Amino acid sequence: MTRVWLGVSGHSHVDPVLASLPERDGGRVAFPAGWALIEHPAQGPILFDCGYGEPARTAMRRGLRRVYRGVLGVCCPPEGDAVTLLRQRGIAPEDVRWIVISHFHPDHVGGLRAFPSARFVAHADAWRTMQRGPLARLHAQVWRELLPDDFESRLQVVGSGDFAPLGRDLASLGRGHDLFGDGHIVLVDLPGHARGQIGLAARHDDARVLLVADAFWQHAQLDSRGPLSWLARQLAMDASDDYAATLSRLRRFRDEQPDAWIIASHCARTLARWVERYPDALMRAPA
Ligand SMILES: [Zn+2]
C-alpha cells in the first residue's frame, strides 16, 4: 500500500483572461505549484515533481526569466521549498531515491537540485524538448539551469515502448508504465499541455489517486471543450493537438471511477477538498 501527501512550493498568479479560466472572481487567480510525495513500501519516499525552489528563485532574478516571473506573478519563498517541507516531516533530501518529472516547466522542476541521491524519471519526448536549441527551449519554457549538473547520468527515460495498455480501474486512461512492476506507481501518458507530459497513478490507502500535472489547470476545465487559451497555446507549442484527446480520456476515467481523486498540480479547489478529507496529508508553508 502507498500513501500520498500533496505539497505546495510557491504560487503563480495568473491572469484569468490569458488562461481562459472559467473562475473569474476578479483579479488574478492563484495557482499553487503543486507536487506530491508518495510513500512506497519498498522504495521509500518518491516525489512527483517538486515545485519551485532555490534554483528557480535565482534564475528568475535575471533577463527573460524575470519576465516569466512578472507575467505569471510568481511568489516562492524558501520556507515553502519541497526540501524544507519534507525535512519537517522527517525526510532528509538524501532519503528521496526517485523523482518522477511530469514535464520540465520551472514550477515542476525548480527545486530538483536539492535532492542529491534521487534518480529521475521522465518521458523521452519531454527530455527531447530540453535538448533542443536555446530558442526552442525559451519558447517551451524549459530552463536547463534548474537541473542538477549530473542530471543526465541520474535520468531514466521512459518512452512509448515502455507504455502498455492499462487494466482494471485504470483501463480508460489508455497506456501506462508500471514503474517498479508491482502495480503501486503507474505512469500515465498525458501529452497536450507539454510534449511527453506524464501523470502518476497511486493509492492513498484505499483511495485511487491520479496526479495529472497540467493536463488541465483547474478542475472545471476538465469539462471545457473550447479552444486552448492563449497562455496554454504558448506553453504547449507543437503538442497542443493531443490536449483534447488527453482530456477526453480523463473524463472517461472520472465517469468510470467517480470516487478517484484526479489532482491537477495547480487546482486550489482540489487541494482544499483534499485537505478537508485528509487534514494531515498536505505540506505547505504556513500562510
Ligand atoms: Zn506546465
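Which residue in β5 is the bridge partner of I99? It is F120, and the points below work outwards from that pair.

1. **Before you start.** This is a predicted model, in which local features need pLDDT of at least 70, side-chain atom pairs count only at pLDDT 80 or more, and totals for chains, interfaces and linings use all residues. Numbering starts from 1 along each chain, following the sequence as written.

2. **The overall picture.** The protein chain has 9 helices and 13 strands. Both are DSSP runs numbered from the N terminus: helices are H or I with at least four residues, strands are E with at least two. For 287 residues, a compact globule would have a radius of gyration near 19 Å, and the protein chain has 17 Å, which agrees. That radius is taken over C-alpha atoms, and the globule rule is 2.2 Å times the number of residues to the power 0.38. Along the principal axes, the C-alpha atoms fill a box of roughly 45 × 45 × 40 Å.

3. **Burial and contacts.** Of the 287 residues, 46% count as buried. Buried here means 20 or more other C-beta atoms within 10 Å of a residue's own; exposed means 12 or fewer, partly exposed is in between, and the C-beta atoms are placed from the backbone. Take the contacts between residues at least 6 apart in sequence: 67% of them join residues at least 24 apart. A contact needs the two C-beta atoms, placed from the backbone, to lie within 7 Å.

4. **The open sheet.** Follow the order β6-β5-β4-β3-β2-β1-β13 and you have walked across an open sheet of 7 strands with mixed pairing. Strands pair if DSSP finds at least two bridges between them. At the edges sit β6 (155-158) and β13 (282-283), each pairing on one side only. Helix α9 (residues 268-277) packs on this sheet, touching β1 (3-14), β2 (29-40) and β13, and its direction makes about 45° with that of β2. For such angles, axes are lines fitted to C-alpha atoms, for helices over the stretch in contact, and the values run from 0 to 180 degrees between N-to-C directions.

5. **β4, β5 and V121.** Back to the opening pair: β4 (residues 98-100) and β5 (residues 119-123) are parallel, with 3 bridges. V121 belongs to β5 and is buried, with 22 other C-beta atoms within 10 Å. Its C-alpha atom is 6.3 Å from that of I99, although 22 residues separate the two along the chain. Leaving aside neighbours within four places in sequence, the contacts of V121 are W98, V100, I101, Q156, V158 and L179.

6. **β2 and its neighbours.** Why call β2 largely enclosed by the rest of the structure? Because 9 of its 12 residues are buried. β2 runs antiparallel to β1, with 10 bridges between them, and V8 stands opposite G34 in β2. β2 is also antiparallel to β3 (residues 44-48), here with 5 bridges; H40 has G44 as its bridge partner in β3. A hairpin with 3 residues makes the link from β2 to β3.

7. **β10, another enclosed strand.** With 6 of its 7 residues buried, β10 is largely enclosed by the rest of the structure. β9 (residues 186-189) pairs with β10 in the antiparallel sense over 4 bridges, and D189 is matched with I198. β10 and β11 are antiparallel too, over 5 bridges, with L200 and L211 as bridge partners.

8. **Two residues to check for phi.** Most residues other than glycine have a negative phi. D205 has a positive phi of about 55°, and its place is the hairpin of β10 and β11, which has 2 residues between the strands. D205 counts as exposed, with 11 C-beta neighbours inside 10 Å. R168 also has a positive phi, near 50°, and lies in the loop between β7 (164-165) and β8 (175-178). R168 is exposed, with 6 other C-beta atoms within 10 Å.

9. **Helix α8.** The 14 residues of α8 (residues 243-256) should span 20 Å at 1.5 Å a residue, and the end C-alpha atoms are 20 Å apart, which agrees. The expected span is 1.5 Å times one less than the number of residues. Buried in α8 are Y243, T246, L247, L250 and F253. They cover an arc of only 120° around the axis, so they lie on the same side of α8. The arc is that of the directions from the helix axis to the C-beta atoms.
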